[in-house]
Amino acid sequence: MGQAFARMKFSILALMAAVLAVASPQMALAQDVAEAEVAAPADAAESAGGYDRLAPTEGKGMPTSAEDDMLKSMTFQDQYTQDGIYALGMHDYILMPVITVISIFVLGLLLYAGWRFRLAANPVPSKTTHNTLIEVIWTIVPVIILVVIAVPSITLLARQYETPPADAITIKAVGYQWYWGYEYPDHDVEVISNMLDESEALASGEPHQLAVDNRMVVPVGVPLRIQTTAADVIHAFAVPSLWFKQDAVPGRLNERMLVIDEPGVYYGQCSELCGALHGYMPIAVEAVPMEEFEAWVLSQNGTIPSAEEVAEVDADAAPADETAEAPAA
Ligand SMILES: [Cu+2]
């Protein structure tokens with residue numbers, strides 16, 4: 001019953017979005033290119049087995065509340081990108097053990113020194129000021145620890161700056177006060193994404209304050225070129241479960257590659273204080289198989305670039321395609 005209601009509500013929203021899209025001249029232009037009959041309105045496409053709005057999986061791509069799982073609520077979300085898995089592994093298996101051992105060691109040393117050199121046991125204090133061996137050790141050991149941390153750390157940094165290949169799908173996330181816009185220049189699509197209010201979010205079975213009306217729909221398993229910018233003040237596009245955070249600065253275009261491992265809905269939030277409603281401009285990334293993505297593009301009156309067009313882009317930027325493999329990973 002609730003789901004039927006949610007579906008109806010979505011259909012109305014989708015219809016409104018379709019009407020808005022047709023009203024925009026840019027979209028109208030896209031519409032008369034090629035498959036006009038395939039580009040059915042969103043609600044028709046939904047029932048025709050094209051694009052279906054993906055339902056989120058509980059606990060995946062979203063934070064966990066302390067009541068549900070105290071331990072999980074205190075650490076990172078599960079990761080769904082290779083960079084994220086690498087970074088979380090570094091946190092779990094290198095940084096946390098090193099931090100824990102050093103903290104316990106220093107605390108133990110402090111307690112031992114306090115007890116061993118207490119006044120009652122040392123009426124005549126020691127006048128020792130230097131011990132070459134200890135000084136060499138406490139210089140060399142931290143250097144070794146830092147070098148051990150630096151190797152995976154710099155590797156991670158390099159991985160995060162890997163250039164997307166020439167045929168990567170470009171999505172431009174634009175921050176506005178206080179919502180997000182997603183432009184797909186390869187597909188002539190633009191969506192505006194606003195937060196759902198509490199009743200709408202609950203009706204569609206989504207977490208309140210993270211659910212949005214129009215999600216950023218992307219294909220899974222292929223390189224995405226995520227560009228971020230803003231129209232008014234600095235925002236930041238951040239999705240914790242995809243290990244992705246990038247500032248959206250007016251007049252500047254930041255770019256980073258993103259490859260999502262599996263289909264799902266991944267929630268995030270603006271992560272740069274941007275004004276009164278900063279806390280109410282969530283991000284929802286919906287990763288779906290390529291066919292579903294293309295069905296979604298058509299439902300938004302967009303166009304699918306032909307194989308020749310993609311090849312053309314490839315040829316234009318052939319060297320970039322080669323360097324994508326190269327960085328010191
Ligand atoms: Cu913001």
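## The sheet containing E2 and E3

Five bridges link strand E2 (residues 179-184) to E3, and the two strands pair in the antiparallel sense. Within this pairing, the partner of Tyr184 in E3 is Val189. The model described here is a predicted one, and E2 and E3 belong in it to an open sheet of five strands with mixed pairing, in the order E3-E2-E1-E5-E8. Strand E3 (189-193) and strand E8 (254-258) are the edge strands, each pairing on one side only. On average, and with direction ignored, neighbouring strands of this sheet are turned by 20° against each other.

Strand E5 (residues 224-230) contains Ala230, a residue that is buried, with 26 other C-beta atoms within 10 Å. Leaving aside residues up to four places away in sequence, Ala230 touches Val174, Gly175, His235, Ala248, Val249 and Pro250. The C-alpha atom of Ala230 is also separated by 9.0 Å from that of Trp180, although the two residues are 50 residues apart along the chain.

## The sheet containing E10

A further open sheet of five strands, again with mixed pairing, has the order E4-E10-E9-E6-E7. Strand E4 (216-219) and strand E7 (244-248) stand at its edges with a single partner strand each, so one side of each is left without a neighbour in the sheet. The average turn between neighbouring strands here is 25°, direction ignored. Helix H8 (residues 290-299) packs on this sheet, where it touches E4 and strand E10 (282-288), and the direction of H8 makes about 140° with that of E4.

The pairings inside this sheet differ in sense, and strands of a sheet in general pair through backbone hydrogen bonds, either parallel or antiparallel. E4 and E10 pair in the parallel sense over four bridges, and Pro219 has Val288 as its bridge partner in E10. E9 and E10, by contrast, pair in the antiparallel sense over six bridges, with Gln269 standing opposite Pro282 in E10. Gln269 is also the bridge partner in E9 of Ala238, and strand E6 (residues 235-239) runs antiparallel to strand E9 (residues 264-270), the two being joined by two bridges.

## Burial of E10 and the nonpolar core

Seven of the seven residues of E10 are buried, so this strand is largely enclosed by the rest of the structure. Both of its faces are covered, with Pro282, Ala284, Glu286 and Val288 buried on one side and Ile283, Val285 and Ala287 buried on the other. Ala284 touches Leu210, Ala211, Val212, Arg215, Met216, Val265 and Tyr267, when residues up to four places away in sequence are not counted.

The largest nonpolar core has 52 residues, and those with the most contacts inside it are Ile171, Ala173, Met216, Val218, Leu242, Ala284 and Val285. In soluble globular proteins, nonpolar side chains tend to be buried together. Helix H8 has buried residues as well, namely Phe293, Ala295, Trp296, Val297, Leu298 and Ser299.

## Backbone exceptions in the loops

Most residues other than glycine have a negative phi, and most peptide bonds are trans. The peptide bond from Gln177 to Trp178 is cis, with omega near 0°, and Trp178 lies in the loop between strand E1 (169-176) and E2.

Two residues other than glycine take a positive phi in loops: Trp243, with a value near 50°, and Asn301, with a value near 65°. Trp243 is placed in the loop between E6 and E7, where it counts as buried with 22 C-beta neighbours inside 10 Å. Asn301 comes just after H8, in the loop between H8 and helix H9 (307-316), and Asn301 is likewise buried, with 25 other C-beta atoms within 10 Å.

## The chain as a whole

The secondary structure of the chain comes to ten helices and ten strands. Of its 329 residues, 29% are buried. Among the contacts in the chain with a separation of 6 or more, 70% are accounted for by residues 24 or more positions apart.

Note on methods: Residues numbered from 1 in each chain as written. Predicted model: local features only at pLDDT ≥ 70, side-chain atom pairs only at ≥ 80, totals over all residues. Pairing = 2+ DSSP bridges. Axes fitted to C-alpha atoms, helices over the stretch in contact; angles between N-to-C directions. Contact = placed C-beta atoms within 7 Å. Core = buried A, V, L, I, M, F, W, Y, C linked by C-beta atoms within 7 Å. Buried ≥ 20, exposed ≤ 12 C-beta atoms within 10 Å, placed from the backbone.
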